[in-house]
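This briefing is meant to be read beside the sequence and the coordinates. It takes the two chains in turn, moving from overall dimensions to selected strands, a helix and a loop position.

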Amino acid sequence: MFEITEKIQLSHSVALFRIKAPKIAARRKAGQFIIIRLNEYGERIPLTIVDSDTGEGTITVISQEVGKTTGMLGALDKGDHILDVVGPLGKPAEIKRFGTVVCIGGGIGAAPVYPIAKEMRAAGNKIISIIGARSRNLLILEREMQNVSDEIIVATDDGSYGHHGFVTQILERLINEPVKVDMVIAVGPLPMMNAVCNVTRPHKIHTMVSLNPVMVDGTGMCGACRVTIGGKNRFVCVDGPEFDGHLVDFEELLRRNRSYFTEEKMAMEELTYHEGPRCYERNI
Amino acid sequence: MTDKERKNKPRQIMTEQGPLERIANFYEVPYGYSEDQAVNEAMRCLQCKEPKCVSGCPVNVDIPWFTKLVVEGRFVEAARKIKESNPLPAVCGRVCRQEDQCEKFCLKGKKGKPVSIGALERFVADYEREKGDVSVPEIPKWTGKKVAVVGSGPAGLTVADDLVKRGHKVTIFEALHVPGGVLMYGIPEFRLPKKIVEAEIEYLKKMGVEIELNSVIGKIETVDGLLADGYHAAFIGTGAGFPVFLNISGENLVGVYSANEYLTRVNLMRAYRFPEYDTPVLRGRRVIVIGGGNTALDSARTARRLCPEEVTVVYRRSREEMPARAEEVRHGGEEGVKFMFLTAPTRFIGDREGRLKAAEFVRMELSDPDESGRRRPLPIGGSEFQVEADVAIVAIGNDVNPLIQNTTPDIGTGICGNIIVEQETGTTSKKGVFAGGDIVRGGATVILAMGDGRKAAASIHKYIMTSGSSGSSH
């Protein structure tokens with residue numbers, strides 16, 4: 001059992017959790033993730049490790065309520081427990097001195113991009129961050145990103161805060177300005193990462209993305225998370241989650257992430273209408 | 001009853017759930033022997049002076065001794081006799097290939113049918129467990145030595161069993177949230193009920209074996225880290241869990257699974273009880289399974305129970321070359337699994353949403369035998385045809401998982417990434433590190449992994465009790 005030592009609601013559907021997991025906290029590196037299972041009935045879902053505190057022995061994750069499991073996680077509070085936490089999984093992000101690195105986080109994607117930006121800065125890079133969200137109330141980690149960036153630009157789709165428009169528009173502006181962008185890291189919804197890659201491709205700017213496909217075991221055993229990278233099959237859980245964005249078949253991944261669309265809807269309905277209270281109870 | 005009469009009794013057959021009944025549930029198919037049946041079957045044993053069956057068993061269970069105890073009605077003692085050399089009798093009684101091992105060498109089999117050793121093993125283990133009469137052998141005083149076992153599948157469990165009985169402290173590190181490895185995620189409930197695996201693991205825990213779940217060695221800790229952390233030796237039994245795909249077009253369409261994923265979803269995550277359990281699996285209308293081994297049959301029989309219209313096993317050779325156990329193939333056939341032999345997939349075809357809608361196959365013919373001794377299948381040009389399918393399960397084998405090898409650079413590996421060991425001792429090229437099971441062999445069987453575990457445990461014992469292990473002092 002893994003105790004939640006702190007919970008901070010970042011927006012109405014996004015929350016930050018600090019979880020007691022000293023061994024993982026001591027080992028993890030930027031870019032790695034954990035897999036959690038909430039209870040005996042639960043599925044295994046991956047979550048990026050956003051930060052860790054080796055002194056307190058905690059790791060930080062951020063989760064958005066999008067389905068049954070994340071919904072149930074969102075209902076947990078400080079002092080509650082998560083049945084299983086395994087990690088740190090995946091390869092650490094490639095951290096070295098590139099020069100100027102643009103770190104883009106779209107929506108919840110700011111969470112996985114934050115630890116990479118932090119490490120990249122520590123490695124001597126100039127960090128320009130672009131964080132975007134549909135609307136101001138969905139924007140997360142602005143202050144944290146600011147702390148690890150030389151420059152930060154915010155964009156909202158509805159114009160409620162910062163630039164009115166998409167993160168890609170800002171990226172294009174940066175590239176077209178006399179700013180030499182040596183590398184781009186983009187994490188967010190698949191269409192956003194795809195759009196970022198489409199912007200950087202003609203300029204031949206090295207672009208890394210972090211993928212979040214469906215996973216089961218997270219150790220390379222099942223192949224659920226396979227993606228096509230440069231025409232080759234790769235397992236995100238062991239070969240990733242970071243890949244060269246210019247080689248990723250986003251179309252395919254988008255389709256694969258919709259594998260259980262019907263089942264997810266069914267599970268949500270069960271949670272909301274039929275067994276709602278019980279589901280929450282068995283968590284406690 | 002005269003000696004002759006008893007020896008001429010027919011082989012006792014376990015009764016089974018009927019096919020129509022069983023495809024509507026996940027309960028075990030054979031019911032197991034009654035006490036009478038067990039005694040009658042055990043009487044058939046000739047009590048050979050030099051029993052060939054024992055040497056046919058990878059862990060050398062003293063078969064005549066335990067069958068004699070069964071004849072005398074001393075079932076619990078029989079179970080304990082087996083446990084002296086095999087910690088998982090209820091598992092092995094069910095999933096071992098007895099027909100290729102102990103029963104193959106049974107003298108009774110020369111003229112008629114061999115003694116049903118597997119069914120007897122299963123009976124006594126079940127009897128002991130169900131009667132609640134499981135007792136733990138006396139464990140010797142702690143030797144002061146600690147051993148880390150990586151992976152809680154059959155190899156790791158056997159190593160743990162042997163070493164804990166010799167007075168060493170054993171900690172098993174398991175990547176998943178339950179122990180048992182392939183016994184839990186791979187073999188289906190209807191062939192090996194999970195509560196049986198749990199009970200056998202409980203027995204090890206009672207003897208003092210510690211199990212750390214959710215611990216991926218190579219990630220949360222390395223083998224070197226374990227050795228530096230006070231473990232005097234380490235055993236690697238991480239299995240061959242890295243699914244092989246066909247590398248044909250359309251393999252990443254929604255609905256195409258590796259057998260590992262499909263079986264893990266259903267067995268480990270209990271997707272057959274979705275939405276009570278949260279993990280879903282696509283049930284499909286027309287399911288095809290590619291492969292001819294036990295895993296293919298396990299997948300097909302699992303699929304059959306998830307109520308599609310049709311489940312077809314597609315194998316590129318003919319029925320005779322199928323590596324699956326005859327019993328599995330028979331059970332599958334009874335359950336309505338269809339077979340398409342001498343056929344291989346060439347591509348998967350998807351709809352606009354990227355979901356599988358059909359598979360294209362080519363007919364094969366057999367030519368000369370290849371290195372495996374089986375006749376090599378070759379495609380017949382122009383014989384391509386399509387079959388409608390919305391779920392396809394690829395069950396063509398596993399590569400070894402490279403996690404340990406990648407994080408333990410000084411461990412010797414073969415061309416397939418498998419860990420190389422001295423066959424008789426399980427010793428790797430790295431001091432204090434031993435290995436066995438599928439991580440060494442590639443995909444093999446439960447009992448061979450256990451046999452490896454047994455040999456490695458003996459070497460580990462020898463190693464830590466001599467000057468070989470001076471590294472740790474905690």
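The points below are grouped by chain and then by element, and they describe a predicted model.

**Chain A: overall picture**

- Chain A contains 10 helices and 17 strands, and its C-alpha trace spans about 60 × 40 × 40 Å along the principal axes.
- A compact globule of 284 residues would be expected to have a radius of gyration near 19 Å, and the 18 Å found for chain A agrees with that expectation.
- Of the 284 residues of chain A, 57% count as buried, while the accessible surface comes to about 11700 Å², with 49% of it belonging to carbon and sulfur atoms.
- When contacts in chain A between residues at least 6 apart in sequence are considered, 64% of them join residues at least 24 apart.
- Chain A carries 33 positive and 35 negative charges, and the mean positions of these two sets are 5 Å apart.

**Chain A: the seven-stranded sheet**

- Seven strands of chain A form an open sheet with mixed pairing, in the order β12-β11-β10-β9-β13-β14-β17.
- The edges of this sheet are held by β12 (163–164) and β17 (242–244) of chain A, each of which has a single partner strand, so that one side of each is left without a neighbour in the sheet.
- At the β12(A) edge, the pairing with strand β11 (residues 151–156) of chain A is parallel and runs over two bridges, and A:T156 stands opposite A:H164 in β12(A).

**Chain A: strand β3, covered on both faces**

- Strand β3 (residues 33–37) of chain A is largely enclosed by the rest of the structure, because five of its five residues are buried.
- In a regular strand the side chains alternate between the two faces of the sheet.
- In β3(A), the residues A:F33, A:I35 and A:R37 lie on one side and A:I34 and A:I36 on the other, and with all of them buried both faces are covered.
- β3(A) pairs with strand β4 (residues 45–48) of chain A in the antiparallel sense over four bridges, with A:T48 in β4(A) as the bridge partner of A:F33.
- β3(A) also pairs with strand β8 (residues 84–89) of chain A, in the antiparallel sense and over four bridges, and here A:V86 in β8(A) is the bridge partner of A:I35.

**Chain B: overall picture**

- The secondary structure of chain B comprises 19 helices and 16 strands, and its C-alpha atoms fill a box of roughly 65 × 65 × 50 Å along the principal axes.
- For 474 residues a compact globule would have a radius of gyration near 23 Å, and the value of 23 Å for chain B agrees.
- Buried residues account for 60% of the 474 residues in chain B, and the chain exposes about 19200 Å², of which carbon and sulfur atoms supply 50%.
- Among chain B contacts between residues at least 6 apart in sequence, 70% join residues at least 24 apart.
- The 65 positive and 63 negative side chains of chain B have centres that lie 3 Å apart.

**Chain B: strand β4 and its parallel partners**

- From strand β4 (residues 233–236) of chain B, B:A233 and B:F235 point one way and B:A234 and B:I236 the other way, and all are buried.
- β4(B) pairs in the parallel sense with strand β1 (residues 146–150) of chain B over four bridges, where B:I236 is the bridge partner of B:V150.
- A parallel pairing over three bridges links β4(B) with strand β16 (residues 433–435) of chain B, in which B:F434 is the bridge partner of B:F235.

**Chain B: helix α6 and its cover**

- Helix α6 (residues 75–83) of chain B is mostly covered, with seven of its nine residues buried, namely B:F75, B:V76, B:A78, B:A79, B:K81, B:I82 and B:K83.
- The cover over these buried residues includes α3 (35–43), α5 (63–71), α7 (89–95), α9 (117–130), α10 (154–165) and α12 (194–206) of chain B.

**Chain B: the loop residue B:L306**

- B:L306 is placed in the loop between α15 (294–304) and β8 (310–314) of chain B, and it counts as buried because its relative accessibility is 2%, against a cut-off of under 20%.
- Beyond its neighbours within four places in sequence, B:L306 is in contact with B:F26, B:Y262, B:V266, B:Y272, B:V281 and B:R283.
- The C-alpha atoms of B:L306 and B:A271 are separated by 9.8 Å, the two residues being 35 residues apart along the chain.

Terms used:
Residues numbered from 1 in each chain as written. Chains lettered and ligands numbered in written order. Predicted model: local features only at pLDDT ≥ 70, side-chain atom pairs only at ≥ 80, totals over all residues. Heavy atoms only, no water. Rg over C-alpha atoms; globule rule 2.2 N^0.38 Å. Buried < 20%, exposed > 50% of the residue type's maximum accessible area, 1.4 Å probe, protein only. Contact = heavy atoms within 4.5 Å. Areas by Shrake-Rupley, 256 points an atom, 1.4 Å probe, with all protein chains shown as cover. Lys, Arg positive; Asp, Glu negative; His and termini not counted. Charge placed at Lys NZ, Arg CZ, Asp CG, Glu CD. Pairing = 2+ DSSP bridges.
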